[in-house]
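Visitor: I should like to go through this structure by question and answer. Please show it before we begin.

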Amino acid sequence: MSAGSDRDLEMTYSRAQFVAKLRRLADAIEEAQPFTIQVANERLRVPADAIFNVEHERADGTQELEFQLRWPAPDSAE
């Protein structure tokens, strides 16, 4: 998959796997270091200066909480 391809997927992890990923992410953020994670066979490198936000959605009797990290794609013109 090329870096410019659109992609929107959701992965489900066990509690232990999710906690381990959150711990690694929190450590990287705290230390102002980049964070690397593999999602569905694609290795992602989140830069230390990524933008962080929290999103809450409520619809059709369910609620969703998302911790989001955003950064420009490596080939973006910014």
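Visitor: Which side chain is joined to that of Q68 by a polar contact of 2.7 Å?
Guide: A polar contact is a pair of N or O atoms within 3.5 Å; within protein, one atom must be able to donate a hydrogen and the other to accept it, and residues adjacent in sequence count only if both atoms are side-chain atoms. At 2.7 Å, the partner that meets this criterion for Q68 is the side chain of E66.

Visitor: What pLDDT is required here for side-chain atom pairs to count?
Guide: Residues are numbered from 1 along each chain as its sequence is written, and side-chain values use heavy atoms, with hydrogens and water left out. The model is predicted: totals for chains, interfaces and linings use all residues, local features need pLDDT of at least 70, and side-chain atom pairs count only at pLDDT 80 or more.

Visitor: What is the order of helix and strands along the sequence?
Guide: Helices (H or I, at least four residues) and strands (E, at least two) are DSSP runs, numbered from the N terminus. The protein has one helix and four strands. Read along the sequence, they give the pattern α-β-β-β-β.

Visitor: Is Q68 buried or exposed?
Guide: Q68 is placed in strand β4, residues 62-70. Buried means under 20% relative accessible area, exposed over 50%, and partly exposed in between (1.4 Å probe, protein chains only). Because its relative accessibility is 15%, Q68 counts as buried.

Visitor: With which side chain does Q68 make a polar contact of 2.9 Å?
Guide: Contact means heavy atoms within 4.5 Å. Leaving aside neighbours within four places in sequence, Q68 is in contact with I51, F52, N53 and E55. The polar contact of 2.9 Å is made with the side chain of E55.

Visitor: Which residue in the turn between β3 and β4 has a positive phi?
Guide: Two strands pair if DSSP finds at least two bridges between them. Strand β3 (residues 51-59) and β4 are antiparallel and pair over nine bridges, with A59 opposite T62 in β4. Two residues lie between these strands in the hairpin, and the turn residue with a positive phi, about 50°, is D60.

Visitor: Which residue takes a positive phi in the hairpin of β1 and β2?
Guide: Strand β1 (residues 35-39) runs antiparallel to β2 (residues 42-46), and five bridges join them. One pair of bridge partners is I37 and L44 of β2. With two residues between the strands, the residue whose phi is positive, near 50°, is A40.

Visitor: Which element gives the most residues to the largest nonpolar core?
Guide: A nonpolar core is a set of buried Ala, Val, Leu, Ile, Met, Phe, Trp, Tyr and Cys residues joined through side-chain atoms within 4.5 Å. The largest has seven residues: L25, A28, F35, I37, V39, V46 and A50. Two or more residues come from each of α1 and β1. The element giving the most, with three residues, is β1.

Visitor: Which residues form the uncovered face of β1?
Guide: Leaving aside neighbours within four places in sequence, F35 is in contact with K21, R24, L25, A28, L44, R45 and V46. F35 belongs to the covered face of β1 together with I37 and V39, whereas the uncovered face consists of T36 and Q38.

Visitor: What is the relative accessible area of V39?
Guide: V39 is found in strand β1. Beyond its neighbours within four places in sequence, V39 is in contact with R7, L9, M11 and L44. V39 is buried because its relative accessible area is 18%.

Visitor: Is M11 buried or partly exposed?
Guide: M11 lies in the segment before α1. Not counting residues up to four places away in sequence, M11 touches V39 and A40. With a relative accessible area of 38%, M11 is partly exposed.

Visitor: How many residues apart in sequence are the parts that the salt bridge ties together?
Guide: A salt bridge is a side-chain nitrogen of Lys or Arg within 4 Å of a carboxyl oxygen of Asp or Glu; a search of the whole structure finds one. It is formed by E42 and R7, whose closest N and O atoms are 2.0 Å apart. E42 lies in strand β2 and R7 in the segment before α1 (15-30), so the pair ties together parts whose separation in sequence, in residues, is 35.
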